[in-house]
Amino acid sequence: DYGVTRTGSVSHEEFCSLVVEKACRLLNSTRGTIMLYDEEAQALRVVAARGGAKETPGLKLKLGEGVAGRAFSTARPIFVAEPKRDPRFLTQGENDEPFLSIPMMLKSKPVGVLNVHNTGGTLTPDDTKLKFLMLLGGEAALTLHHQKMYDDLQIFYFEMVKMLAGAVDTKDHYAADHSERARTLARDAA
C-alpha cells in the first residue's frame, strides 16, 4: 500500500501507524505497537500505537527487557500465549491477552519490533501469518531505512548549498553576504 515512491512525503510515525494497522488487521487484533531502536538511549522506543495499547508513544524499553526487548535482542519472533504466567512479559499495566513480538530486520540487523496483542484470546498465529508478519516487518524496516537515507540526503544538499554560497561570498568581497541576504529576502517573501 505504501511503496518506496512516497518516501519523504510521510513521517516515520505515520508510516509506522500504517504498518501497525495492517498487522492488527491480519491477526484480527485491536491493539499493537511499533518500537524502534534509539541508538542514543540504547533502548526501544514506541513510535506508533493502535487501539487501546497501554504503551504510549515515547515509552522506552531496554534491550533484552520484556518480550519485545528479547525479540529484538535475539532477532526472533516471540509469541506468548499466557502473559501472566510468562516471566519474560512485563506486567506493568499490560493486559493478559496473547502477545506477539516480531523483530523488524534490515538485512541481519534488527531495527525495531512490531508488537501485536491478540484481543481474540485464543488465536495462535499460524505459519502463514507469522511469515507474512516477518515479511511486513522486514519491508517496514527497509522503508524506514530509505526514509532515513532520504532525510539525510536532503540535509546534505542543504549543507552543500550553504557551503558553496559561503565559498562564493569569500572570494568576492564586493558581493560578500549577498547569498545570505538573498536567502533572508526569499524566506520573508515566502
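## Strands 4 and 5

In this predicted model, strand 4 and strand 5 (residues 99-106) run antiparallel and are joined by 3 bridges. Within this part of the structure, valine 80 stands opposite phenylalanine 99, a residue of strand 5.

## The hairpin and strand 3

Strand 1 (residues 31-38) and strand 2 (residues 43-50) are likewise antiparallel, with 7 bridges joining them, and tyrosine 37 has leucine 44 of strand 2 as its bridge partner. The two strands, strand 1 and strand 2, form a hairpin in which 4 residues lie between them, and glutamine 42 in the turn has a positive phi of about 50 degrees.

Strand 2 is also joined by 3 bridges to strand 3 (residues 60-62), the two running antiparallel. Leucine 44 has a bridge partner in strand 3, namely leucine 61, in addition to its pairing with tyrosine 37.

## The sheet as a whole

These pairings belong to an open sheet of 6 strands, whose order is 3-2-1-6-5-4 and whose pairing is antiparallel. Strand 3 and strand 4 (78-80) are the edge strands, each of which pairs on one side only. On average, and with direction ignored, neighbouring strands of this sheet are turned by 25 degrees against each other.

## Helices across the sheet

Helix 1 (residues 12-26) lies across strand 1, strand 2 and strand 6 (109-117), and runs at about 70 degrees to strand 2. Helix 3 (residues 127-171) lies across strand 1, strand 5 and strand 6, and runs at about 45 degrees to strand 5. Strand 1 and strand 6 are thus crossed by both helix 1 and helix 3.

Definitions and conventions:
Residues are numbered from 1 along each chain as its sequence is written. This is a predicted model: local features need pLDDT of at least 70, side-chain atom pairs count only at pLDDT 80 or more; totals for chains, interfaces and linings use all residues. Side-chain values use heavy atoms; hydrogens and water are left out. Two strands pair if DSSP finds at least two bridges between them. Axes are lines fitted to C-alpha atoms, for helices over the stretch in contact, and angles run from 0 to 180 degrees between N-to-C directions. Contact means heavy atoms within 4.5 Å.
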